[in-house]
Amino acid sequence: MARKRNRSLNRVEVDCPSCGERLWRGCGQKHHLFSSSAEQTRELTGITRKKAVLLHTDTTTWVDRSRWIEAFFCPDHGQVWIICTRGDDGQVTGEVAPSRLWLQTTGTIDPSKPNPSVSEFTYRMSRRSSVQTRCE
């Protein structure tokens, strides 16, 4: 049980893209990336075409366990979504997640689209910059 207490491999140290401060982990839920074709696997992982086709011979969808999207928290800007990648050496690195990867994650909804169960009026009122009060 060597390195049982060493958690430095699981640590993700990422800076905020806007202000440069260190981001803190949010809820800790990992949303793994998946691909449904060999071409998507090639683009996602950067492996050769032959290896991508071999991965898709057994199953129609392939889940990449070495990359995931996770929520982090910036004290100034709030929640930031980061794509984390575990390298061959076990070190975890992170960068800002592009919006196109939300279509290839497990168990998530696109954060740029409003919740369909919320009415349009409620959504507009939640996006207002300030509450307007009327004084008489």
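User: Which residue of β3 does Trp24 stand opposite, and how should I read such a pairing?

Analyst: A strand pairing can be read at two levels, the individual partners and the strands that carry them. In this predicted model, Trp24 stands opposite Phe73 in β3, and the strands concerned, β1 and β3, run antiparallel and are joined by two bridges. Phe73 also has a bridge partner in β4, namely Gln79.

User: How many bridges does β3 form with β2 and with β4?

Analyst: Strand β2, which covers residues 31-35, pairs with β3 in the antiparallel sense over five bridges, and within that pairing His32 has Trp68 of β3 as its bridge partner. The pairing of β3 with β4 is likewise antiparallel and runs over eight bridges. These two strands, β3 and β4, form a hairpin with three residues between them.

User: What joins β4 to β5, and which residue in the turn has a positive phi?

Analyst: For a hairpin, one looks at the paired strands and then at the turn that links them. Here β4 and strand β5, residues 92-96, run antiparallel and are joined by five bridges, with Val92 in β5 as the bridge partner of Arg86. Five residues lie between the two strands of this hairpin, and Gly90 in the turn has a positive phi of about 95 degrees.

User: What pattern of helices and strands does the chain follow along the sequence?

Analyst: The chain has three helices and five strands, and from start to end the order is β-β-α-α-β-β-β-α. A second way to read the fold is through its contacts: among those between residues at least 6 apart in sequence, 49% join residues at least 24 apart.

User: Which residues make up the largest nonpolar core, and which strands supply them?

Analyst: A core is best read as a list of members, followed by the elements from which they come. The largest nonpolar core has 11 residues in all, made up of Val12, Val14, Cys16, Leu23, Trp68, Phe72, Cys74, Val80, Ile82, Cys84 and Val92. Both β3 (62-74) and β4 (78-86) supply at least two residues each to this core. Apart from it lies another core, of seven residues, which includes Leu33, Ile69, Ala97 and Leu101.

User: Is Cys16 buried or exposed, and what does Cys16 touch?

Analyst: Burial is read from the relative accessible area, with values under 20% counted as buried. Cys16 has a relative accessible area of 5% and is therefore buried. This residue lies in the segment before β1 (24-25), and, leaving aside residues up to four places away in sequence, Cys16 touches Glu21, Leu23, Cys74 and His77. Cys16 and Phe73 are 57 residues apart in sequence, yet their C-alpha atoms are 8.8 Å apart in space.

User: Where does Val92 lie, and why does Val92 count as buried?

Analyst: Val92 lies in strand β5 and counts as buried because its relative accessible area is 6%. The C-alpha atoms of Val92 and Val12 are separated by 5.8 Å, although these residues are 80 residues apart along the chain. Another member of the largest core, Val14, touches Glu21, Arg22, Leu23, Ile82 and Gly94, again not counting residues up to four places away in sequence.

User: Which charged residues sit over the rings of Trp24 and Trp68?

Analyst: For a charge over a ring, the distance to read is the one from the charged end to the ring centre. Arg22 lies over the face of Trp24, at 4.3 Å from the ring centre. The charged end of Lys30 sits over the ring of Trp68, 4.3 Å from its centre.

User: How many aromatic pairs does the structure hold, and how is such a pair described?

Analyst: A pair of aromatic rings is described by the distance between the centres and the angle of the planes. The structure holds zero aromatic pairs.

User: What share of the residues is buried, and what is the accessible surface of the chain?

Analyst: Buried residues make up 24% of the 136 residues in the chain. The accessible surface of the chain comes to about 10,200 Å², and carbon and sulfur atoms account for 50% of this area.

Technical notes. Residues are numbered from 1 along each chain as its sequence is written. This is a predicted model: local features need pLDDT of at least 70, side-chain atom pairs count only at pLDDT 80 or more; totals for chains, interfaces and linings use all residues. Side-chain values use heavy atoms; hydrogens and water are left out. Rings of Phe, Tyr and Trp (its six-membered ring) pair if their centres lie within 6.5 Å; planes under 30 degrees apart count as stacked, over 60 as edge-to-face and the rest as tilted. A charge sits over a ring if NZ of Lys or CZ of Arg is within 6 Å of the ring centre and within 35 degrees of the ring normal. A nonpolar core is a set of buried Ala, Val, Leu, Ile, Met, Phe, Trp, Tyr and Cys residues joined through side-chain atoms within 4.5 Å. Buried means under 20% relative accessible area, exposed over 50%, partly exposed in between (1.4 Å probe, protein chains only). Helices (H or I, at least four residues) and strands (E, at least two) are DSSP runs, numbered from the N terminus. Contact means heavy atoms within 4.5 Å. Two strands pair if DSSP finds at least two bridges between them. Accessible areas come from the Shrake-Rupley method with a 1.4 Å probe; for residues, only the protein chains shown count as cover.
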